[in-house]
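Subject: Structure for your files, with notes

Hello,

I am handing over the structure we discussed. Please look through it first; my notes come after.

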Amino acid sequence: MTEENSGFEEKPDVPSGATPDGAEPKDASSSAKEEEAAPAGDAVETVGLTAQLDQVRTALNERTGDLQRLQAEYQNYRRRVERDRATVKEIAVANLLSEILPVLDDIGRARDHGELVGGFKSVAESLETVVAKLGLQEFGKEGEPFDPTIHEALMHSYAPDVTETTCVAILQPGYRIGERTIRPARVAVAEPQPGATPATAKEEKATDEESGGSEEV
């Protein structure tokens, strides 16, 4: 008795790798395109990452430049503050010492007259030590050239033995702190006598005359 398969048909076995019936074989060109598309996609992604990296580097360089400028501005600010602080301190000390100068003048006059003795001498020397530690310096000596930037001429005369305007007497010493002059030295000055021959020239002339006289004899 022959068996009939109702609704089922036997299909022959399909060898491995063979294309089944009704299926269209893959196009070789499509596979190649897919293989080419993968590297192209990687290249695009690489370009994008490179662009992002460049942007990050640019931003980093900008922030680094901002930080360097900020540090430079801060250093300049610190230097200005330190310089201003030193200037304010110097002005404050100068103002304080300016009030003490009359006392120092009295001490100087007492010393010149031999009255700086006993306890008064000890106190005076202590005061002079303190103001010296604060940077106060006395200046002004007899015989030094007159300098209008640090000297104040209160008396004027002519003298045959000077070759330039010279301080011949210190009437009141000058004081300075560093390069800042608190008070100029008040002095009496002498200028060369108009038409007079300087002393050195007189001595040379006298020497020449003596030498000439000896030769004649």
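Below are the notes on confidence, fold, strand pairing and nonpolar cores.

This is a predicted model, in which local features need pLDDT of at least 70 and side-chain atom pairs count only at pLDDT 80 or more, while totals for chains, interfaces and linings use all residues. Residues are numbered from 1 along each chain as its sequence is written, and side-chain values use heavy atoms, with hydrogens and water left out.

Confidence

The mean pLDDT (the predictor's confidence in each residue, from 0 to 100) is 79 for the protein chain, and 71% of the residues score at least 70. Among the elements, β6 has the highest mean, 95, and helix α3 (residues 199–216) the lowest, 49. The pLDDT is below 50 over residues 1–8, a stretch with one contact beyond near neighbours in sequence (contact means heavy atoms within 4.5 Å). It is also below 50 over residues 213–217, where the model has zero contacts beyond near neighbours in sequence.

Overall fold

The protein chain has three helices and six strands, in the sequence pattern α-α-β-β-β-β-β-β-α. Helices (H or I, at least four residues) and strands (E, at least two) are DSSP runs, numbered from the N terminus. Of the 217 residues, 15% are buried (under 20% relative accessible area, with a 1.4 Å probe and protein chains only). The exposed area is about 17,100 Å², of which carbon and sulfur atoms supply 53%; accessible areas come from the Shrake-Rupley method with a 1.4 Å probe. Among contacts with a separation of 6 or more, 65% are between residues 24 or more positions apart.

Strand pairing

Two strands count as paired if DSSP finds at least two bridges between them. An open sheet of three strands has the order β2-β6-β3, with mixed pairing. Its edges are β2 (151–159) and β3 (166–172); each has a single partner strand, so one side of each is left without a neighbour in the sheet. Neighbouring strands here are turned by 25° against each other on average, direction ignored (axes are lines fitted to C-alpha atoms, and angles run from 0 to 180 degrees between N-to-C directions). β3 and strand β6 (residues 185–192) run antiparallel and are joined by five bridges, with A169 opposite A188 in β6.

Strand β1 (residues 136–139) is antiparallel to strand β4 (residues 174–177), with four bridges between them; F139 has G174 in β4 as its bridge partner. β4 also pairs with strand β5 (residues 180–183), in the antiparallel sense over three bridges, and I177 has R180 in β5 as its bridge partner. The hairpin of β4 and β5 has two residues between the strands, and G178 takes a positive phi near 60° there.

Nonpolar cores

A nonpolar core is a set of buried Ala, Val, Leu, Ile, Met, Phe, Trp, Tyr and Cys residues joined through side-chain atoms within 4.5 Å. The largest one has 13 residues, and L97, L101, L104, L136, I177 and I182 have the most contacts inside it. Two or more residues each come from α1 (28–112), α2 (118–133) and β4, with α1 giving the largest share, six residues. Leaving aside neighbours within four places in sequence, L136 is in contact with L97, L101, L104, V131, Y175, R176, I177 and I182. A second, separate core of six residues includes F139, C167, A185 and V187.

Regards

Definitions and conventions. Buried means under 20% relative accessible area, exposed over 50%, partly exposed in between (1.4 Å probe, protein chains only).
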